[in-house]
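This report is addressed to a reader who is meeting the structure for the first time. Please keep the sequence and the model at hand while reading.

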Amino acid sequence: MPEPQGLPAVGTVFKNPNGKLDRNTFIGEPGLNAYDREQYVFGYELTHQIDDVWSLRQNARYAYVDDRFAAVLHGYSFIANPATGVNNQRYTDRYAIDWKQTNKVFGIDNSAQAVFNTGDVNHTVLLGLDYYHFNSKFLGRYDRNPPGIDLYDPHYGQPLDFSQAAANPWDDTITQTGVYVQDQLKWNRWFLTLGGRFDWAKIDYDHPLYVKPSTTRDQQFSGRAGFGYLFDNGITPYFSYSNRSSRWPAPPTWTARHSSLPPASSTKWASNTSRQVLTVSSSSRPTRSTRRTC
């Protein structure tokens, strides 16, 4: 895996009394230079037609990602030559990391759809309940003062001590449950879509190195609407409005230093025009394509 093995400007861009640095100089440790990942994803989709009106659908997915990154990285300044005690712009400091992170995500969506008429109006109604769960566990170990290295004559195999700095673990979990409803109405050539959803969110924070474990909760409503008309020539002007508010609770590491986070909300007005064009494929069977302009 590529890693930030930066070299100092003095010796690459600017002159260094020891000469020009080789851009291929490796300042890490060959025995501690690894990135490993294990991941898998699986899911399913189920559908069932109850009768001419109602149908049921369920989608679910689970993902697992486990990462491990260990390396000795560049520092940010020259240090004194250990043989002479003089900073002759030859030696640089370094730091070492050993990171392990595991992420698990699960999501499931359950919906019921009904297609029916009320007089001359055709309805396609969608009712649903979805659930989302995300957990992230991290353990970071550091050696913030490993032995420096000679940029012009690097020697490897120097000892590292990850017990010098406190480990930085965290264990965070986000859960969100939402219910939603939508109705698409059609009357002659007019169509109207109305929808809304309500979400409940909870975040459990556990960063023992910085703050005490805590739980924050929030809930929000969002909605949208759109309508349009289908002309005989295939042109369909469409206008829509949506309002979305994502008010995730702020982590305690943020609120300890800042005021509460404002809600991340958005309101959108949009208009589109699409046109259905009759084309002929190589099999001489007519097909329809859609062109859209905004």
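The text below moves from the overall fold to strand pairing, then to single residues and a pocket.

**Basis of the report**

This is a predicted model, in which local features need pLDDT of at least 70 and side-chain atom pairs count only at pLDDT 80 or more, while totals for chains, interfaces and linings use all residues. Residues are numbered from 1 along each chain as its sequence is written, and side-chain values use heavy atoms, with hydrogens and water left out.

**Overall fold**

The protein chain holds one helix and 11 strands. Helices (H or I, at least four residues) and strands (E, at least two) are DSSP runs numbered from the N terminus. In sequence order the pattern is β-β-β-β-β-β-β-β-β-α-β-β.

Of the 294 residues of the protein chain, 30% count as buried. Here buried means under 20% relative accessible area, exposed means over 50%, and partly exposed lies in between (1.4 Å probe, protein chains only). Among the contacts in the protein chain with a separation of 6 or more, 62% come from residues 24 or more positions apart; a contact means heavy atoms within 4.5 Å.

**Strand pairing around β4**

Two strands pair if DSSP finds at least two bridges between them. Strand β4 (residues 121-143) runs antiparallel to β3, and 23 bridges join the two. Within this pairing, S111 has G128 in β4 as its bridge partner. The hairpin of β3 and β4 has two residues between the strands, and G119 in this hairpin takes a positive phi near 70 degrees.

Strand β4 is also joined to β6, by 19 bridges, and these strands run antiparallel as well. One bridge of this kind links F138 to its partner W170 in β6.

**Selected residues**

The table gives the location and relative accessibility of six residues.

| Residue | Location | Relative accessibility |
|---|---|---|
| T25 | segment before β1 | 13%, buried |
| L46 | strand β1 (residues 33-49) | 49%, partly exposed |
| Q89 | loop between β2 (54-79) and β3 | 27%, partly exposed |
| N103 | strand β3 (residues 91-118) | 18%, buried |
| G140 | strand β4 | 0%, buried |
| N188 | loop between β6 and β7 | 65%, exposed |

N103 counts as buried because its relative accessible area is 18%. The side chain of N103 makes a polar contact with the side chain of S136 at 2.8 Å. A polar contact is a pair of N or O atoms within 3.5 Å; within protein, one must be able to donate a hydrogen and the other to accept it, and residues adjacent in sequence count only if both atoms are side-chain atoms. Beyond its neighbours within four places in sequence, N103 is in contact with A63, Y64, V65, F134, N135, S136 and K137.

G140 counts as buried, with 0% relative accessibility. Its C-alpha atom is 5.9 Å from that of D98, although G140 and D98 are 42 residues apart along the chain. When neighbours within four places in sequence are left aside, G140 is in contact with D98, W99, A167 and N168.

T25 has a side chain that reaches the backbone oxygen of D22 at 2.7 Å. T25 also touches L7 and L151, not counting residues up to four places away in sequence.

L46 is partly exposed. The C-alpha atoms of L46 and A60 are separated by 9.0 Å, and these residues are 14 residues apart along the chain. With residues up to four places away in sequence not counted, L46 touches L56, R57 and Q58.

Which phi values do the loop residues Q89 and N188 take? For Q89, phi is near 60 degrees, a positive value in a residue other than glycine. For N188, also a residue other than glycine, phi is positive and near 55 degrees.

**The second largest pocket**

The second largest pocket has a volume of about 210 Å³. Its lining is made of 13 residues, and G195, G196, R197, S222 and R224 lie nearest its centre. The elements that give two or more residues to this lining are β6 (168-187), β7 (190-205), β8 (214-229) and β9 (235-246).A pocket is found on a 1 Å grid over the protein atoms alone, as an open set of points with protein on both sides within 12 Å along at least five of seven lines, and lining residues have an atom within 4 Å of a point. Grid points are joined across faces, edges and corners, and a volume is the space filled by probe spheres set on the points.

By residue type, the lining of the second largest pocket divides into three nonpolar, seven polar and three charged residues. Ala, Val, Leu, Ile, Met, Phe, Trp, Tyr, Cys and Pro count as nonpolar, Asp, Glu, Lys and Arg as charged, and the others, Gly among them, as polar.

Technical notes: 1 Å grid on protein atoms, 1.4 Å probe; cavity = no way out; pocket = protein on both sides within 12 Å on 5 of 7 lines; lining within 4 Å.
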